[in-house]
Amino acid sequence: MKSMIGMNLKYLRKKYGYSQEDLAERLEVSRQSVAKWENEESLPDVEKCVTMAQIFETTVEMLLVCPFYEEESDALTPDGDGKYIFGIVKVSERGQITLPKHARKVFGIEAGDRLLVLGDEKKGMALAKIKNPFDKLMK
């Protein structure tokens, strides 16, 4: 499995508002090291990956293999079978999550839509968009 750390690092760094220099300072490395990681010319050591995962509120595994970027890309549908990896969302203290923009676009989810939350203790959770039966009457 190919590492996605370069793309993820660049995306997350910008999302969190860090310059390469800012991130390098937090990681106690040179700006050139961060640039090489982003360009996949070299890889950070394990300790730096752990620190980056903490900075970006994720896990090392997700940093290495999960696409975080929001642009449409074939990488989001690795097998082209309609199954997606949209990234990680953080649950707020009130249990709220923000769905990634690309997930909302793919599934046509807009503000005010209703989602059914399903759960299976062995298989996990799922969200399903439900249609309002009154929508047709309102048009």
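This passage walks through the fold of one protein chain, from its overall layout to a small group of aromatic rings.

The structure is a predicted model. Its protein chain contains seven helices and two strands. Following the sequence from start to end, these elements come in the order α-α-α-α-α-α-β-β-α. Of the 139 residues in the protein chain, 27% are buried. Among the contacts with a separation of 6 or more, 43% are between residues 24 or more positions apart. The surface exposed by the protein chain amounts to about 10500 Å², and 51% of this is supplied by carbon and sulfur atoms.

A good place to begin a closer look is helix α1, which spans residues 5–15. Its buried residues are Ile 5, Gly 6, Asn 8, Leu 9, Tyr 11, Leu 12 and Arg 13. The cover over these buried residues includes α2, α3 (31–38), α4 and α5. After α1 comes Gly 17, which has a positive phi, near 80°.

Helix α4, covering residues 46–55, can be read in a similar way. At its start, the backbone nitrogen of Glu 47 has a side-chain oxygen of Asp 45 within 3.1 Å. Within α4, the residues Lys 48, Cys 49, Met 52, Ala 53 and Ile 55 are buried. Because these residues span an arc of only 160° around the axis, they sit on the same side of α4. Val 46, Glu 47 and Gln 54, on the other side of α4, are exposed. Among the elements that cover the buried residues of α4 are α1, α2, α3 and α5. Just after α4, a positive phi of about 55° is found at Glu 57.

The loops that follow these two helices bring the aromatic rings into the picture. A pair of aromatic rings is described by the distance of the centres and the angle of the planes. The count of aromatic pairs in this model comes to two. In one of them, Tyr 16 and Phe 56 meet edge-to-face, with 5.3 Å from centre to centre and 65° between the planes. Tyr 16 belongs to the loop between α1 (5–15) and α2 (20–27), while Phe 56 belongs to the loop between α4 (46–55) and α5 (60–65), so this pair ties together parts that are 40 residues apart in sequence. The two partners differ in their accessibility class: Tyr 16 counts as partly exposed because its relative accessibility is 34%, whereas Phe 56, at 2%, counts as buried.

Phe 56 also pairs with Tyr 18, again edge-to-face, at 6.3 Å centre to centre and with 65° between the planes. This pair likewise links distant parts of the chain, with Tyr 18 in the loop between α1 and α2 and Phe 56 in the loop between α4 and α5, 38 residues apart. Tyr 18 has a relative accessibility of 19%, so it counts as buried, the cut-off being under 20%. Taken together, Tyr 16, Tyr 18 and Phe 56 make up one aromatic cluster.

The two strands complete the tour. Strand β1 (residues 114–120) runs antiparallel to strand β2 (residues 124–130), and seven bridges pair them. One example is Leu 115, whose bridge partner in β2 is Lys 129. The connection from β1 to β2 is a hairpin of three residues.

Key:
Residues numbered from 1 in each chain as written. Predicted model: local features only at pLDDT ≥ 70, side-chain atom pairs only at ≥ 80, totals over all residues. Heavy atoms only, no water. Phe/Tyr/Trp six-rings, centres within 6.5 Å; stacked < 30°, edge-to-face > 60°. Helix = DSSP H or I, 4+ residues; strand = E, 2+ residues; numbered from the N terminus. Buried < 20%, exposed > 50% of the residue type's maximum accessible area, 1.4 Å probe, protein only. Pairing = 2+ DSSP bridges. Contact = heavy atoms within 4.5 Å. Arc of directions from axis to C-beta. Polar contact = N/O pair within 3.5 Å; in protein donor to acceptor, adjacent residues only side chain to side chain. Areas by Shrake-Rupley, 256 points an atom, 1.4 Å probe, with all protein chains shown as cover.
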